[in-house]
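Dear colleague,

Please find below the structure that I am handing over to you, together with its sequence. I would be grateful if you would look through it before reading the notes underneath.

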Amino acid sequence: MADSLLPKVELQLNILLAGGFRDLALYRIKVKKAGKKNDFFLAVQIKANKEAVLLVDKACRKFPDKVLTGLVAHELAHIVQARQCKFYLLWKIRDILSLLSAKLESLEERDADKIGIQRGYGEEILALAKYLRKHYKSYTTEEALTIEEIKALYYQK
Ligand SMILES: [Zn+2]
């Protein structure tokens, strides 16, 4: 991709890794362009040996910086979740189960938003939630925290 999208995401990633997600600095996280057919804006593939790939959809090009920060923070929170599993295999099992169970997936997604807020990105997670609801009518909110829940978590600190 010759444009500035991947460097823009890499910049956000580096800022987050130097900020609230410093414990992930030991990960090798690559940023790559997503394939044409996908149903996400940003997704993380977590591999063994502390490697991960952030896949970026071209739709992210339109996202304001704050929204993009919220999105990258949410994906990094999934790596935090993976680290909560002591063994990579346990994470893989958890990951596969969440693909099979909408209820479990919803728990994981909501928990990822919470982690992002706990690590200091409440404002950005809120900006992301508002942006997706405003611009993407098809965006389903069942698997994310509601605006009210985000505000409650964000302002309680
Ligand atoms: Zn997620």
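The notes that follow describe the sheet, the helix packing and a few individual residues.

Please bear in mind throughout that this is a predicted model.

**The sheet**

Three strands form an open sheet in the order β1-β3-β2, and the pairing within the sheet is mixed. The edges are taken by β1 and β2 (42-47), each of which has a single partner strand, so one side of each is left without a neighbour in the sheet. On average, and with direction ignored, neighbouring strands are turned by 20 degrees against each other.

In general, the strands of a sheet pair through backbone hydrogen bonds, in either a parallel or an antiparallel manner. Both senses occur here, as the mixed pairing implies. Strand β3 (residues 51-56) pairs with β2 in the antiparallel sense, over six bridges. Two partnerships illustrate this pairing: A43 has L55 in β3 as its bridge partner, and Q45 is bridged to V53 of β3. On the other side, β1 and β3 pair in the parallel sense, likewise over six bridges. Within β3, the residue that stands opposite R28 is E51.

Helix α2 (residues 65-84) packs on this sheet and touches β2 and β3. The direction of α2 makes about 25 degrees with that of β2.

**The hairpin between β2 and β3**

The hairpin of β2 and β3 has three residues between the strands. Two residues of this loop deserve a closer look. N49 lies in the loop between β2 and β3 and has a phi near 60 degrees, which is a positive value in a residue other than glycine. N49 counts as exposed because 7 other C-beta atoms lie within 10 Å, and the cut-off for that class is 12 or fewer.

K50 is placed in the loop between β2 and β3 as well. K50 also has a positive phi, of about 55 degrees, although it is not a glycine. With 15 other C-beta atoms within 10 Å, K50 is partly exposed.

**Packing of α1 against α2**

The axes of α1 and α2 come within 10 Å and cross at roughly 60 degrees. The two helices are therefore oblique to each other, and their crossing is right-handed. On the α1 side, the contact is made by V9, Q12, L13 and L16. On the α2 side, it is made by L68, T69, V72, A73 and L76. By class, this contact of α1 with α2 has seven nonpolar residues, two polar residues and no charged ones.

**Packing of α3 against α4**

Helix α3 (residues 88-100) and helix α4 (residues 102-135) pack with their axes 5 Å apart, at an angle of about 120 degrees. That angle makes α3 oblique to α4; the class called roughly perpendicular runs from 65 to 115 degrees. The crossing of α3 and α4 is left-handed. From α3, the residues L97, S98 and L99 take part in the contact, and from α4, the residues L104, E105 and E108. These residues divide into three nonpolar, one polar and two charged.

**Two further residues**

Where does L24 lie? The place of L24 is in the loop between α1 (5-17) and β1 (28-33). L24 counts as partly exposed because it has 18 C-beta neighbours inside 10 Å, whereas a buried residue needs 20 or more. Leaving aside residues up to four places away in sequence, L24 touches L17, L76 and I79. L76 also belongs to the contact of α1 with α2 described above. Along the chain, L24 and A77 are 53 residues apart, yet their C-alpha atoms are separated by 9.8 Å.

Q118 is found in helix α4. With 15 C-beta neighbours inside 10 Å, Q118 is counted as partly exposed. Q118 and L132 are 14 residues apart in sequence, and the distance between them, C-alpha to C-alpha, is 21 Å.

Yours sincerely

Key:
Residues numbered from 1 in each chain as written. Predicted model: local features only at pLDDT ≥ 70, side-chain atom pairs only at ≥ 80, totals over all residues. Axes fitted to C-alpha atoms, helices over the stretch in contact; angles between N-to-C directions. Helix = DSSP H or I, 4+ residues; strand = E, 2+ residues; numbered from the N terminus. Parallel < 35°, antiparallel > 145°, perpendicular 65-115°, else oblique. Left-handed = near helix turned anticlockwise from the far one by under 90°. Contact = placed C-beta atoms within 7 Å. Nonpolar A, V, L, I, M, F, W, Y, C, P; charged D, E, K, R; others polar. Pairing = 2+ DSSP bridges.
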